[in-house]
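Student: Please give me a close look at how the strands in this model are joined and what packs around them. I would like one connected account that I can follow with the structure open.

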Amino acid sequence: MKAAVYGGPGEIRIESRAAPSIEAPTDAIVDVTHTAICGSDLWFYRGAEDHEDGAPVGHEPMGIVREVGDAVRHVQPGDRVFAPFSSSCGSCEFCRKGIHTACANLGFFGPNSGRGAQAEQLRVPQANGTLVRVPDRYADDEDVLESLLPLTDVMATGHHAAVSANLEAGDTAVVIGDGAVGLCGVLAARRIGAERIVAMGHHEDRLEIAREFGATDVVSARGEEAVAKAQELTGGGANHVLECVGAESALETAAQIVRPGGDIGYVGVPHVENPAFVEQLFYKNASFTGGPAPVRAYAEELMADVLQGTLDPSPIFTKTVDLDGVPEGYQAMDERDAIKVMVKLDG
């Protein structure tokens, strides 16, 4: 099969690899039909993370089940499915609590695991607890599938930011970041019923999508000017801040904007050299809660809204490539010529 692999900073290659096979009774093999390039993939693409040359990449799979192990009962060959960026058993203590990204049998897709979703086929461990089955009536509806694809990561991650920030109907929210996760955070805030949503970012085209997604106000300034503008719009700061970047500057901004006693939901993978922002949170008695989104806990709830037409995160995809075009897709996202790239394979 063909698969995208890491070749060092700034290099993604398409190589021929052996097709995966069933290794455990709980495995499934999926023929990938749709996947995506994630903003978090740019960390290793830009050299901020180190991986072995040839490590398979990608963690947002959707496809059709080809084969299942003897213990798999939840899906069968021919089913249309999607999967979170991590595999989970669905039955351990942490899965039962809804913290699937702390599963006792946890596994991730991407360069650390040897299983990349930017490939023609993917082995999915713990298939009973991981795979989400798309109802048959929508299995070949391309518009629906493209709206469901963000549920593999960024839509559920934006939702996790809102949940972690304790956002409720009628509240005011500030969303930091205008990438795919930040835009999905705006969608999540609107879905919950926030009365006012302030989107913060640096790109006017992306902030325009934020407005379409439900942002009532946008802030495009940087640094202290951005903080001052957000505080002005929220009357001195917000009780609910969604931090959707993970960069040190974004975390510092969140700490400055949150009101005393408020809540920050953080879902950007942290890349921090100086954690001084934590001291501000300490003196504000502000909570700082989040982490990798337990996508599987939110999947059915969000899918129901997509299927009834009340949630559509697909506009975050501003470029589409085939598998051979994945290196071009990384370059487009790195140069900010695309918000998020969808990868469509034959299937």
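Tutor: Two strands are taken to pair when DSSP finds at least two bridges between them, and strands (E, at least two residues) and helices (H or I, at least four) are DSSP runs numbered from the N terminus. The model is predicted, with pLDDT of at least 70 required for local features and 80 or more for side-chain atom pairs, while totals for chains, interfaces and linings use all residues. Residues are numbered from 1 along each chain as its sequence is written, and side-chain values use heavy atoms, without hydrogens or water.

Strand β4 (residues 62-68) is a useful place to start, since it can be followed to two partners. Strand β3 (residues 28-37) pairs with β4 in the antiparallel sense over six bridges, and within that pairing Ile-29 has Glu-67 of β4 as its bridge partner. β4 also pairs with strand β5 (residues 80-82), again antiparallel, over three bridges, where Ile-64 is matched with Arg-80 of β5. Further along, Ser-86 belongs to strand β6 (residues 86-87) and, at a relative accessible area of 4%, is buried (under 20%; exposed is over 50%, partly exposed in between, for a 1.4 Å probe and protein chains only). Beyond four places in sequence, the contacts of Ser-86 (heavy atoms within 4.5 Å) are Thr-101, Leu-106, Gly-107, Phe-108, Phe-109 and Thr-130.

The pairing is parallel in an open sheet of six strands, ordered β12-β11-β10-β13-β14-β15. Its edges are β12 (217-219) and β15, each of which pairs on one side only, and the twist from one strand to the next averages 20° (axes are lines fitted to C-alpha atoms, for helices over the stretch in contact, and angles run from 0 to 180 degrees between N-to-C directions). At one edge, strand β11 (residues 196-200) runs parallel to β12 and is joined to it by three bridges, with Ala-199 standing opposite Val-218 of β12. Helix α8 (residues 223-233) lies across β11 and β12, at about 160° to β12, whereas helix α10 (residues 277-284) packs on the sheet where it touches β14 (258-266) and β15, its direction making about 130° with that of β14.

Past the other edge, in the loop between β15 (287-290) and α11 (295-307), is Gly-291, which counts as buried at 13% relative accessibility. The C-alpha atom of Gly-291 is separated by 7.7 Å from that of Gly-268, 23 residues away along the chain. Apart from neighbours within four places in sequence, Gly-291 is in contact with His-160, Tyr-266 and Val-267.

His-160 lies within the numbering of helix α5 (residues 154-164), which packs with helix α6 (residues 180-192) at about 60°, the axes being 7 Å apart. That angle makes α5 oblique to α6 (under 35 degrees is roughly parallel, over 145 roughly antiparallel, 65 to 115 roughly perpendicular, the rest oblique). The residues making this contact include Val-154, Met-155 and Ala-162 of α5 and Cys-184, Leu-187 and Ile-192 of α6. On α6 there is a further partner, helix α7 (residues 204-213), whose axis comes within 9 Å and crosses at roughly 15°, and α6 and α7 are therefore roughly parallel to each other. Here Leu-183, Val-186, Leu-187 and Arg-190 of α6 meet Arg-206, Ile-209, Ala-210, Glu-212 and Phe-213 of α7.
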